[in-house]
Amino acid sequence: LLCFSFCKGVMTIAIFKLFALFLFAVPTRSDDVTCEKLSDCSCKMSDGQGVVNLKPLASSKISKPAFSAYDPVKENTYHYNPCLSFDGGNDCSPEKEVAVCQDSGGVSCGVQTNLSFEYDSGSKSLTLVYEGGEDGRLSRIQLVCSDSLSLDKSNLTFGTESPSLTYNFVLKSKCSCPGGCNSGGSVTVGSILVVIFCAALVIYVVAGVLFRKFKSEAKGREMVPNHTFWFALPGLIKDGIVFAFTCGRKQPESYEPLNK
């Protein structure tokens with residue numbers, strides 16, 4: 001009876017924990033999704049999609065920005081370089097951290113350090129907003145995910161100037177996809193711990209086998225370090241699972257029940 005009560009209590013707690021896990025694991029609603037800024041190149045999606053990283057698209061040549069887009073209405077050309085400033089002449093100088101520059105007269109239309117990320121729940125799209133341009137100019141660059149597009153085929157197109165002094169662009173690229181260009185991103189703590197664990201495991205097995213072989217002259221399975229524990233572990237796990245689900249009511253096969 002005591003064991004039954006104990007098992008009932010354990011099952012109740014387990015069911016409550018599973019319910020709580022399900023409750024808090026429900027995906028975030030699209031209208032609550034944001035992209036947390038990590039740097040002037042990247043942001044992290046709050047719904048777990050991953051990191052949007054534009055660094056692989058950036059041009060390191062100060063006089064050659066990565067993208068250009070043409071406005072056929074006002075016949076202006078705009079230059080854009082994610083992450084790194086460039087020299088576009090006049091107001092578009094590297095010292096002013098320019099991100100978007102209007103070619104005609106070298107007018108800054110947004111700077112790197114005034115970058116924010118906006119997520120639109122309706123279209124489910126992410127937009128980069130560069131503020132701080134000349135006379136209040138700002139640029140909005142909507143990211144369009146295209147994971148089949150190679151990096152050198154990424155392209156920027158001009159949309160509209162609406163409202164006045166607000167320039168709207170569309171950047172189509174693999175790097176516009178969450179997680180699409182993270183190979184050059186920073187190493188996470190979890191990755192470091194996994195590498196350390198794997199390295200320690202390899203050292204443990206190799207060093208243990210060599211020591212057992214040459215120092216203890218062990219052969220076969222006895223060369224495995226702590227072999228008694230490791231070969232007994234599967235059976236111990238099995239016994240633990242059986243005991244947990246039967247609450248100890250199942251009699252071991254090697255014993256016979258006592259007759260009253």
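In the predicted model, strand 2 (residues 42-45) pairs with strand 3 in the antiparallel sense, the pairing running over three bridges. Ser-42 has Asn-53 of strand 3 as its bridge partner. The two strands belong to an open sheet of three strands, ordered 1-2-3, with antiparallel pairing. Strand 1 (35-37) and strand 3 (51-53) occupy the edges of this sheet; each has a single partner strand, so one side of each is left without a neighbour in the sheet. On average, and with direction ignored, neighbouring strands of the sheet are turned by 30 degrees against each other.

The protein chain as a whole contains three helices and 12 strands. Of its 260 residues, 28% are buried. The accessible surface of the chain amounts to about 17,300 Å², and carbon and sulfur atoms account for 61% of that area. Where contacts between residues at least 6 apart in sequence are considered, 44% join residues at least 24 apart.

Side chains of opposite charge can pair when their charged atoms come close. Four salt bridges are present in the structure. One of them links Asp-40 and Lys-37, with 3.3 Å between the closest N and O atoms. Both side chains belong to partly exposed residues: the relative accessibility of Asp-40 is 27%, and the relative accessible area of Lys-37 is 36%. Lys-37 falls within the residue range of strand 1 (35-37).

A salt bridge also forms between the side chains of Glu-161 and Lys-74, at an N to O distance of 2.8 Å. Glu-161 is located in strand 11 (residues 155-161), whereas Lys-74 sits in the loop between strand 4 (67-71) and strand 5 (76-80); the pair therefore ties together parts that are 87 residues apart in sequence. Glu-161 is partly exposed, its relative accessible area being 22%, a value to be read against the limit of under 20% that defines a buried residue.

In a further salt bridge, Asp-135 is joined to Arg-137, and the closest N and O atoms are 3.6 Å apart. The two partners fall into separate accessibility classes. Asp-135 is exposed, at 61% relative accessibility, while Arg-137 is buried, with a relative accessible area of 14%.

Key:
Residues are numbered from 1 along each chain as its sequence is written. This is a predicted model: local features need pLDDT of at least 70, side-chain atom pairs count only at pLDDT 80 or more; totals for chains, interfaces and linings use all residues. Side-chain values use heavy atoms; hydrogens and water are left out. Helices (H or I, at least four residues) and strands (E, at least two) are DSSP runs, numbered from the N terminus. Buried means under 20% relative accessible area, exposed over 50%, partly exposed in between (1.4 Å probe, protein chains only). Contact means heavy atoms within 4.5 Å. Accessible areas come from the Shrake-Rupley method with a 1.4 Å probe; for residues, only the protein chains shown count as cover. Two strands pair if DSSP finds at least two bridges between them. Axes are lines fitted to C-alpha atoms, for helices over the stretch in contact, and angles run from 0 to 180 degrees between N-to-C directions.
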